[in-house]
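User: I would like to go through the labels used for this model and ask what stands behind each one. Please keep the answers short.

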Amino acid sequence: MPREEIAQFSIDSVEVLAADGSVDESLVPDLSDEQLLELYEHMKRSRRLDERSIALQRRGEIGTYAPAIGQEAAQVGSAFALADDDWIVPSFRESPAFLTRGTPPAKILQYAMGMEEGAEIPGGEGALPPAIPVGSQPLHAVGIGWGNAMQADPGVALTYFGDGATSEGDVYEAFNFAGVFDSQTVFFCQNNQYAISTRRAEQTNAETLAQKAIAAGIEGIQVDGNDILGVYRVASEAIEKARNGTPVLIEALTYRRSMHTTSDDPTAYREAAEETEWEARDPIVRFQLYLEQRGILNEETKSEIEDRIESEIADAITEAKAAREDVDPAEMFEHVYEELPPELESQMAAFRGETDE
Amino acid sequence: MSERLRVVEAVRETLRSELDRSDDVVVYGEDVGRAGGVFRATQGLQDQFPDRVYDAPVGEAGIIGMGIGLAATGMRPVPEIQFQSFLYQGFHQLAQNVSRMRSRSRGTITCPMTIRMPYGGGIHALELHSESFEAGFSHIPGLKVVIPSSPAETAGLLRSSIRSPDPVVFMEPTRLYRSFREEVPDDHEIPLGEGRVVDDGEDLTVVAWGSMLQKTIEAVDDFEASIEVVDPRTLYPLDTETITDSVRKTGRCVIVHEAPKTAGMAGEITSRINEEAFYSLEAPVERVTGYDVPMPMFAREDDYVPDVDRIAAGIRRTLDAD
């Protein structure tokens, strides 16, 4: 038997809105002016919440925080493409996605203040709480997408993870299980070039992360993650495919412009020149140029949006601080089981007794 | 109505009746579909419920992790892990997510999943097919840990586990799968967290579970002393009261398990006896357990696992102690 090529694979990459604000008109998604402004406002709100959160952490008012500065287009564009009944299954850097899905900024701050209250998912919200263990959550999305399929529920689960997570075995298992069970799942990999200090090139020898879909027999595509129009377009198409039982992996090329978390100092492992280079490709600047060129955004609307965001976040900070004051320590015993087992009941009684003394 | 079943059949019939009772129940795992599981615990179920009984790809993290998502959509996943030691490849999903989902979301996302697995020695299988990690699972807040010791117990406890709003690690003693038959009432339910007194007695209490319970029953047969045998059935939450009530009455206690001695459940049970019934003790609490060695391969398995003689020796020492 001769040796012959038996399979061929390729990966597409999409960019609609280039860094200079120019667009490929043939690929521009069908969004109204209002929707475009909404996207812009979500990105601005995320950026501002991150900036304020870093400052709050520096003043000791919140704990460790993982900013998503630079990744707003990737998250806002993909979350905006979801229907209300769809799910997001996030990692720990997903404030932009949560905000886009309507989570109040106060909740995000509460989470950063070390309160489980910040990870409550009110009924019907379609989200799982932030997942700290890297790469653990895509499997949960596969279960949601499969459970929905079994119940004839069209809801899709879109899960966020990073370039580092693609090295985790669980992420491969997730791709593979999704393919086997036709799970209604979109895997949204934000390749922000760094897993803390480890560069993308040191993470894997694979040419793209999108191609990791191929081994699992699901679809993979790459998109410029700083191009909100491209992300929205690619995510919308993937979500529709997933709704019909075809899981898709999206690799969004972006850049973590800020630190890994507030405990991290990126100057230890990267050059300022690199940061400057990516600043020029910033997703908000690019989209703003586009909106201004199209006459959708002017100085007046811009400052209206900024003022609104400023006061929303100020209110959120006040609300989160007040909630922090109301924390009942004994609530740690609740929500471990549906009903408190006797052993926990006696531990709680002892705790209350000791703290009352 | 009732039926005379073996443990493996009790598992199968309980799964069948729960699949039949609720469209939310979904059974999946490695080889559980077409083959019916390596122990045949799920045999025939896929034919009857083709849309809710599945073969899963080989991947324990996948099997457990996916269950979290299924549960979030309102399903009741009942995955099988082929052997307990294989669960270690998905242990992180259990410890990081299954157990914590309820608390980290403050009760807004729950994980009513029952993870079934054979555990313990007795079938002379390959390496890493015979471990007993119940103490490890019991150390993870948010999980319930259940071990049946007979066919009727299997049916009653598995049914309650599947219906439980909390995640359950359900450990089936491999040794008992086909060892004996017993009447199993239809729709039998045993509340989780309630132990049972298997045999009443006045002179000494033996606490044992899983396949060690059957060996204990055999061991106490030879004694003239009146020995009370307690099966906790659920290791978390542990029914402390049934154990300490018994020890208060007898004043002497032996705890038997197959798992290694150090940090095993016998240590925890001893502590609870000390907390609740110390002044009733007439002798130190004795532990008859496996050794602090990796579970040996089967040439030495019978030397590791407590047998009737070791249990009897422990009972004798404790009866004789002043």
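Analyst: Start with a helix pair in this predicted model. P105(A), A106(A), L109(A) and Q110(A) of α4(A) meet E312(A), I313(A), A316(A), I317(A), E319(A), A320(A) and A323(A) of α12(A). By class, that contact has 8 nonpolar, 1 polar and 2 charged residues.

User: What makes α4(A) oblique to α12(A)?

Analyst: The crossing angle. The axes of α4 (105-112) and α12 (299-325) of chain A cross at roughly 45°. Angles under 35 degrees count as roughly parallel, and 65 to 115 as roughly perpendicular. The value of roughly 45° fits neither range, so α4(A) is oblique to α12(A). The two axes come within 8 Å. The crossing is right-handed.

User: Why are β1 and β2 of chain A said to stand at the edges?

Analyst: Look at the strand order. The open sheet of 6 strands in chain A runs β1-β7-β8-β4-β3-β2, with parallel pairing. β1 (13-14) and β2 (87-89) of chain A each have a single partner strand, so one side of each has no neighbour in the sheet.

User: How do you know that β1(A) and β7(A) count as paired?

Analyst: Pairing needs at least two bridges. β1(A) and β7 (219-224) of chain A are joined by 2 bridges, so the criterion is met. They run parallel. S13(A) stands opposite Q222(A) in β7(A).

User: Which helix packs on that sheet, and which strands does it touch?

Analyst: Helix α5 (138-150) of chain A touches β2, β3 (157-162) and β4 (185-191) of chain A. The direction of α5(A) makes about 170° with that of β3(A). Angles over 145 count as roughly antiparallel, so α5(A) is roughly antiparallel to β3(A).

User: Now chain B. What makes β9 and β14 of chain B edge strands?

Analyst: Each pairs on one side only. The open sheet of 5 strands in chain B has the order β9-β11-β10-β13-β14, and its pairing is mixed. β9 covers 196-199 and β14 covers 286-290. From one strand to the next, the twist averages 25°.

User: How do you know that β13(B) pairs with β14(B)?

Analyst: Count the bridges. β13 (253-260) of chain B and β14(B) share 5 bridges, in the parallel sense. The cut-off is at least two, so they pair. H257(B) has T289(B) as its bridge partner in β14(B).

User: How does helix α10(B) run relative to β13(B), roughly parallel or roughly antiparallel?

Analyst: Helix α10 (265-277) of chain B runs at about 155° to β13(B). The limit for roughly antiparallel is over 145, so that label applies. α10(B) lies across β10 (204-208), β13 and β14 of chain B.

User: How is chain B divided into domains, and which elements supply the side of domain 1 that touches domain 2?

Analyst: Domain 1 is 2-185 and domain 2 is 196-320. Their C-alpha centres lie 26 Å apart. In contact are 24 residues of domain 1 of chain B and 22 residues of domain 2 of chain B. On the domain 1 side, α6 (134-138), β6 (144-146), α7 (151-163) and β7 (168-173) of chain B each supply at least two residues.

User: What is the make-up of the side of chain B that touches chain A?

Analyst: Contacts link 35 residues of chain B with 36 residues of chain A. α3 (60-72), α4 (91-98) and α5 (101-104) of chain B each give two or more residues. α3(B) gives the largest share, 9 residues. The chain B side divides into 13 nonpolar, 17 polar and 5 charged residues.

Conventions. Residues numbered from 1 in each chain as written. Chains lettered and ligands numbered in written order. Predicted model: local features only at pLDDT ≥ 70, side-chain atom pairs only at ≥ 80, totals over all residues. Helix = DSSP H or I, 4+ residues; strand = E, 2+ residues; numbered from the N terminus. Axes fitted to C-alpha atoms, helices over the stretch in contact; angles between N-to-C directions. Contact = placed C-beta atoms within 7 Å. Domains from an automatic or database assignment. Nonpolar A, V, L, I, M, F, W, Y, C, P; charged D, E, K, R; others polar. Left-handed = near helix turned anticlockwise from the far one by under 90°.
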